[in-house]
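Subject: A structure for you to explore

Hi there,

Here is the structure I promised to hand over. Have a look at it first, and then read on for what turned up in it.

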Amino acid sequence: MRPKGKPRVIVSIVLAVLIAAILSVSLLLSDTEPETILPVSENTELSVVSEGTSVFISADERSDMLITKHPSRQLDIEKEGDSISIHTKGRGILEIALPSYLRLQDIDIETTNGDIAAERTMSDTLSLLSGSGSMLVSEVSSGKITAETESGNIIMTDTTSSETEISNSTGFIRAIGVLGENVNATAGSGAVYLVPIGTGRVSVTTESGDIDIIAGERSLYWNTETGKTDLFGEKAGNSGGTGNATVSITTCSGDIKISK
């Protein structure tokens with residue numbers, strides 16, 4: 001069996017470094033703009049559109065939404081009923097703190113080239129989309145999680161969702177401790193490292209990157225064009241799967257390795 005502790009430690013260190021980098025950049029920027037406080041409920045639909053601004057959303061011991069803009073050229077906030085729309089433009093960071101006890105209806109964040117970090121939030125759906133920014137998703141609980149970027153890296157850890165969709169064109173994907181019925185990861189030219197939890201289905205596809213999966217009782221499907229695929233499980237059954245799980249493998253020119 002392949003050791004599982006070391007990869008998790010490495011990813012935790014990477015997460016800490018990324019979070020520290022985001023906060024350090026915010027402190028190095030000029031004076032913070034006045035904060036905005038808005039009421040939220042379980043019916044709240046939060047939408048953020050960013051042109052160049054990085055978005056950092058997290059949960060805190062509070063009863064409302066706290067919006068803090070570190071300098072950028074523009075910040076517009078509109079609230080109509082349960083819908084909150086935020087538009088920001090220019091280099092900077094937008095921080096949004098939500099109540100840690102509250103599960104929002106929808107969280108939708110879209111950036112052109114800014115990074116996105118989501119931590120400890122709860123929502124029925126979480127949708128993250130970026131043109132060229134990287135993403136960090138940690139300790140998030142949602143009915144459906146979608147994380148998509150064209151040329152950035154995606155790191156996901158300790159998340160819970162019925163359905164998880166992760167995709168990028170260039171850049172690596174690292175998903176550790178992803179719990180859910182269906183986990184789908186698609187990468188263009190980057191490697192995929194996946195440690196799923198539970199008994200749902202896992203599907204991984206990459207064009208030229210390697211795929212590394214550490215799985216227990218899972219149904220697995222992966223497709224690699226020119227990369228190399230490794231599967232590590234607690235045990236390998238007679239059918240080549242892990243326990244009662246099923247394994248489907250397709251490759252054009254990549255190597256495939258299945259290990260106990």
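A residue is called buried when its relative accessible area is under 20%, exposed when that area is over 50%, and partly exposed in between. Please keep in mind that this is a predicted model.

**The chain as a whole**

With that cut-off, buried residues make up 47% of the 260 residues in the protein chain. The secondary structure comes to 1 helix and 22 strands, so you will be looking at strands for much of this email. If you take the contacts with a separation of 6 or more, residues 24 or more positions apart account for 40% of them.

**Strands E3, E7 and their partners**

A good place to begin is strand E3, which covers residues 54–60. Of its 7 residues, 6 are buried, so E3 is largely enclosed by the rest of the structure. Strand E7, residues 93–99, pairs with E3 in the parallel sense over 7 bridges. Two places where you can see this pairing are Phe56, which stands opposite Glu95 in E7, and Asp60, whose bridge partner in E7 is Pro99.

Is E7 enclosed or open? Here too, 6 of the 7 residues are buried, so E7 is largely enclosed by the rest of the structure.

E7 also pairs with strand E4 (residues 65–70); these two run antiparallel and are joined by 5 bridges. To find this pairing on your screen, look for Ile67 and its bridge partner in E7, Ile96. E3, in turn, pairs with E9 in the parallel sense over 3 bridges, and Val55 has Ile116 in E9 as its bridge partner.

**The nonpolar core**

In soluble globular proteins, nonpolar side chains tend to be buried together. In this model, the largest nonpolar core has 44 residues. Which residues have the most contacts inside it? They are Leu46, Ile96 and Val204. You have already met Ile96 as the bridge partner of Ile67.

Leu46 is worth a click. Leaving out residues up to four places away in sequence, Leu46 touches Ile57, Met65, Ile84, Ile86, Ile96, Leu104, Asp106, Ile107 and Asp108.

**A cavity**

The count of cavities of 30 Å³ or more comes to 1, and the volume of the largest cavity is about 30 Å³. Its lining consists of Ala59, Leu98, Pro99, Ser100, Leu102, Leu104, Arg120, Thr121 and Met122. By type, these lining residues divide into 6 nonpolar, 2 polar and 1 charged. Two of the names may look familiar: Pro99 is the bridge partner of Asp60, and Leu104 is among the residues that Leu46 touches.

**Two residues with a positive phi**

Most residues other than glycine have a negative phi. Here are two residues that have a positive one.

- Arg120, which also lines the cavity, has a phi near 55 degrees. Arg120 lies in the loop between strand E9 (116–119) and strand E10 (122–130). Its relative accessibility is 36%, so Arg120 counts as partly exposed.
- Glu139 has a positive phi of about 55 degrees, although it is not a glycine. Glu139 lies in the loop between strand E11 (135–138) and strand E12 (141–149). With a relative accessible area of 47%, Glu139 is partly exposed.

**Two residues in strand E10**

Which residues does Ser130 contact? Setting aside its neighbours within four places in sequence, Ser130 is in contact with Thr111, Thr112, Gly114, Ile116, Met135, Glu148, Thr149 and Glu150. Ser130 is found in strand E10, and it is buried because its relative accessible area is 2%.

Asp124 also has its place in strand E10. At 38% relative accessibility, Asp124 counts as partly exposed. Apart from its neighbours within four places in sequence, Asp124 is in contact with Arg103, Leu104, Gln105, Ser142, Gly143 and Lys144. You can also look at Asp124 together with Ser141: they are 17 residues apart along the chain, and their C-alpha atoms are separated by 8.3 Å.

Enjoy exploring, and write back with any questions!

Best wishes

Notes: Residues numbered from 1 in each chain as written. Predicted model: local features only at pLDDT ≥ 70, side-chain atom pairs only at ≥ 80, totals over all residues. Heavy atoms only, no water. 1 Å grid on protein atoms, 1.4 Å probe; cavity = no way out; pocket = protein on both sides within 12 Å on 5 of 7 lines; lining within 4 Å. Points joined across faces, edges and corners; volume = space filled by probe spheres on them. Nonpolar A, V, L, I, M, F, W, Y, C, P; charged D, E, K, R; others polar. Helix = DSSP H or I, 4+ residues; strand = E, 2+ residues; numbered from the N terminus. Buried < 20%, exposed > 50% of the residue type's maximum accessible area, 1.4 Å probe, protein only. Core = buried A, V, L, I, M, F, W, Y, C linked by side-chain atoms within 4.5 Å. Contact = heavy atoms within 4.5 Å. Pairing = 2+ DSSP bridges.
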